[in-house]
Amino acid sequence: MKVEESLQVSNWKASDNLKAAKALISKPENWIKRYYEQDENGKIDPYNPLPACKFCTIGANQRASLSHFGSRLNDYSWLVKSEHRSDHETVLSLTSRYLRQALEELFNSTRYSGVASYNDDPSTTHEDILKLYDNAIAIAEKAEKRCLK
């Protein structure tokens, strides 16, 4: 796969996914620690993710991609049998890389083992996570601008 193809999948750029993920957790009450996603009662059901309305940084990123490529949140079966599975995985790989890069740039080091450990750190705030997303979006847009001319 060419670099240009990996930066834009099915007209859905990595920056689009990061923006959608950030929107999912834009309100403090929709952001959580320690779990990828929860429903409004704080329950976790990996076999039925539909009612989820609260997400950690990684969970929001995953949900944004699933929502776009599935485009029908009541049916994840497309992920198992569809050509969109590789598109979803490509977007997740890119956006995860941009989030890690943004984290490293924010701290000018590898202080955290990854985005999950930063999200779950007791001192990390909702505003910190939104800033992380802003930095990751800027990194993604810069890469897209450079490669998608």
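These exercises work through the core and the salt bridges of a predicted model.

**Exercise 1. Find which residues touch the most other members of the largest nonpolar core, and which elements supply that core.**

Step 1. The largest nonpolar core holds 25 residues.
Step 2. Look for its best-connected members. Leu18, Ile25, Tyr98, Leu99, Leu132 and Tyr133 touch the most other members.
Step 3. Now turn to the elements. Those giving two or more residues to this core are α2 (14–24), α3 (57–70), α5 (84–107), α6 (115–120) and α7 (126–147).
Step 4. Pick out the main contributor. Helix α7 gives the most, with eight residues.
Step 5. Place this in context. In soluble globular proteins, nonpolar side chains tend to be buried together.

**Exercise 2. List what leucine 132 touches, leaving out residues up to four places away in sequence.**

Step 1. Start from leucine 132, one of the core members with the most contacts to other members.
Step 2. Collect the leucines. Leucine 132 touches Leu99, Leu103 and Leu106.
Step 3. Add the others. Leucine 132 also touches Thr57, Ala102, Val115 and Tyr118.

**Exercise 3. State how many salt bridges the whole structure has, then locate the two formed by lysine 19 and lysine 22.**

Step 1. A search of the whole structure finds three salt bridges.
Step 2. Take lysine 19. Its partner is glutamate 141, and the closest N and O atoms are 2.7 Å apart.
Step 3. Place this pair in the chain. Lysine 19 sits in helix α2 and glutamate 141 in helix α7, 122 residues apart.
Step 4. Take lysine 22. Lysine 22 pairs with aspartate 134, with 2.5 Å between the closest N and O atoms.
Step 5. Place this second pair. Lysine 22 is in helix α2 and aspartate 134 in helix α7, 112 residues apart.

**Exercise 4. Classify the four residues of these two pairs: buried, partly exposed or exposed?**

Step 1. Recall the cut-offs: buried is under 20% relative accessible area, and exposed is over 50%.
Step 2. Lysine 19 has 40%, so it is partly exposed.
Step 3. Glutamate 141 has 33%, so it is partly exposed.
Step 4. Lysine 22 has 22%, so it is partly exposed.
Step 5. Aspartate 134 has 37%, so it is partly exposed.

**Exercise 5. Describe the salt bridge between glutamate 37 and arginine 63.**

Step 1. Read the distance. The two side chains meet at 3.7 Å, N to O.
Step 2. Find the elements. Glutamate 37 lies in strand β3 (residues 37–38), and arginine 63 in helix α3, so the pair ties together parts 26 residues apart in sequence.
Step 3. Check burial. Both glutamate 37 and arginine 63 are buried.

Definitions and conventions:
Residues numbered from 1 in each chain as written. Predicted model: local features only at pLDDT ≥ 70, side-chain atom pairs only at ≥ 80, totals over all residues. Heavy atoms only, no water. Core = buried A, V, L, I, M, F, W, Y, C linked by side-chain atoms within 4.5 Å. Buried < 20%, exposed > 50% of the residue type's maximum accessible area, 1.4 Å probe, protein only. Helix = DSSP H or I, 4+ residues; strand = E, 2+ residues; numbered from the N terminus. Contact = heavy atoms within 4.5 Å. Salt bridge = Lys/Arg side-chain N within 4 Å of Asp/Glu carboxyl O.
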